[in-house]
Amino acid sequence: MSTNLHPIPECDKNAGVSWELRAEGKISDACFVGENTGFTPGTMITTLNGKRAIEDLRKGDRILTRDRGFQPLLWSGQRKFSVTLNMHQNASFPIRIRAGALYPGLPDRDLVVSAGHRLLTTDETLVASVRECEALVKARDLVGKPGVEKAPWADVTYIQLLMEYHELILSDNAWTESLHYTPRAYDGHKTDAETQPLVRSCVALPA
């Protein structure tokens, strides 16, 4: 099985997709997201106040990140998607990762994300190709491993969480990426540290 792995961090260069606003703040046309990524309703996110359903999170809620502790949520968005009408878009299929499929207790319950959503892996058989001890892997590249499969859904709602930096957050006890924002005029040379802070202007927040 061919698996595309991404060292951490890694900047997306794909075309943008639109999201419906769920929380206070407005997304600027000057910024965009990559391929259609996201969590599904019911995913439990670890916050300062314990695990909370992703659909209940709002701007200002502090979410546990792997590298920067608890960080505030700046914006959340959702996008409804018809899998049946978009059979050709493999990146949009929902992928079910069953409890314990990544490692004992990871995730701690069935996790469903979009095919293009990335998760942290330390699986030696997967990270050897990038010569790192850990890497981000897209959910679709895990299909075929025990406990990882396409979810047989006709329609799906994806929810994304935007923070000041591209973060790894705990979803159903597995480290997964937050929304990765980059400028529309991305030139392929900027680092994540240079591009992600632009989210403050995207959601009309003070610097």
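The following is a conversation about a predicted model of one protein chain.

Visitor: What does the secondary structure of the chain come to?

Guide: In this predicted model, the chain has three helices and 17 strands.

Visitor: And how many residues are in the chain, and what percentage is buried?

Guide: The chain has 207 residues, and buried residues make up 49% of them.

Visitor: What about contacts between residues at least 6 apart in sequence: what share joins residues at least 24 apart?

Guide: Of those contacts, 64% join residues at least 24 apart.

Visitor: Let us turn to pockets. What is the volume of the largest pocket?

Guide: The volume of the largest pocket is about 320 Å³. Its lining consists of 16 residues, and those closest to the centre are Leu102, Tyr103, Leu120, Thr121 and Thr122.

Visitor: Which elements give two or more residues to that lining?

Guide: Strand 11 (118-121), helix 1 (124-127) and strand 16 (174-177) each do so. Strand 11 provides the largest share, with three residues.

Visitor: How does the lining divide by class?

Guide: Eleven of the lining residues are nonpolar, two are polar and three are charged.

Visitor: Back to strand 11. In which sense does strand 11 pair with strand 12?

Guide: The two strands pair in the antiparallel sense, over four bridges. In one of the pairs, arginine 118 has lysine 138 of strand 12 as its bridge partner.

Visitor: Which way do the residues of strand 12 point?

Guide: Strand 12 covers residues 135-138; Ala135 and Val137 point one way, while Leu136 and Lys138 point the other way. In a regular strand, side chains alternate between the two faces of the sheet.

Visitor: Are those four buried or exposed?

Guide: All of them are buried, Lys138 included.

Visitor: New topic: where is threonine 43?

Guide: Threonine 43 sits in the loop between strand 3 (31-33) and strand 4 (44-47).

Visitor: Is threonine 43 buried or exposed?

Guide: Threonine 43 counts as buried because its relative accessible area is 3%, and the cut-off for buried is under 20%.

Visitor: Which residues does threonine 43 touch, leaving aside those up to four places away in sequence?

Guide: Threonine 43 touches Arg52, Ala53, Ile54, Arg109, Leu111, Val112, Ser171 and Asp172. Within its own loop neighbourhood, a polar atom of the threonine 43 side chain lies 2.7 Å from the backbone oxygen of threonine 40.

Visitor: Asp172 was on that list. What is its phi?

Guide: Aspartate 172 has a positive phi of about 50°, although it is not a glycine. Most residues other than glycine have a negative phi. Aspartate 172 lies in the loop between strand 15 (168-171) and strand 16, and it is buried, at 1% relative accessible area.

Visitor: And what about asparagine 173?

Guide: Asparagine 173 also has a positive phi, of about 75°, and is not a glycine. Asparagine 173 lies in the loop between strand 15 and strand 16. With a relative accessibility of 28%, asparagine 173 counts as partly exposed.

Visitor: Where is there a cis peptide bond?

Guide: A cis peptide bond joins leucine 106 and proline 107, with omega at about -15°. Most peptide bonds are trans. Proline 107 belongs to the loop between strand 9 (94-97) and strand 10 (111-114).

Visitor: Which strand holds glutamine 160?

Guide: Glutamine 160 is in strand 14, which spans residues 155-162. Glutamine 160 is buried, at 1% relative accessible area. A polar atom of the glutamine 160 side chain lies 3.4 Å from the backbone nitrogen of leucine 179.

Visitor: One more place: where is glycine 60?

Guide: Glycine 60 is in the loop between strand 5 (50-53) and strand 6 (62-65). At 41% relative accessibility, glycine 60 counts as partly exposed. Leaving aside residues up to four places away in sequence, glycine 60 touches Pro72 and Leu73.

Visitor: How far apart are the C-alpha atoms of glycine 60 and methionine 163?

Guide: The two C-alpha atoms are separated by 9.9 Å, with the residues 103 apart along the chain.

Visitor: Finally, what joins strand 6 to strand 7?

Guide: A hairpin joins strand 6 to strand 7 through three residues. The two strands run antiparallel, with four bridges between them, and strand 7 covers residues 69-72. Across this pair, isoleucine 63 stands opposite glutamine 71.

Technical notes: Residues are numbered from 1 along each chain as its sequence is written. This is a predicted model: local features need pLDDT of at least 70, side-chain atom pairs count only at pLDDT 80 or more; totals for chains, interfaces and linings use all residues. Side-chain values use heavy atoms; hydrogens and water are left out. Buried means under 20% relative accessible area, exposed over 50%, partly exposed in between (1.4 Å probe, protein chains only). A polar contact is a pair of N or O atoms within 3.5 Å; within protein, one must be able to donate a hydrogen and the other to accept it, and residues adjacent in sequence count only if both atoms are side-chain atoms. Contact means heavy atoms within 4.5 Å. On a 1 Å grid over the protein atoms alone, a cavity is a set of points where a 1.4 Å probe fits but cannot get out, and a pocket is an open set with protein on both sides within 12 Å along at least five of seven lines; lining residues have an atom within 4 Å of a point. Grid points are joined across faces, edges and corners, and a volume is the space filled by probe spheres set on the points. Ala, Val, Leu, Ile, Met, Phe, Trp, Tyr, Cys and Pro count as nonpolar, Asp, Glu, Lys and Arg as charged, and the others, Gly among them, as polar. Two strands pair if DSSP finds at least two bridges between them.
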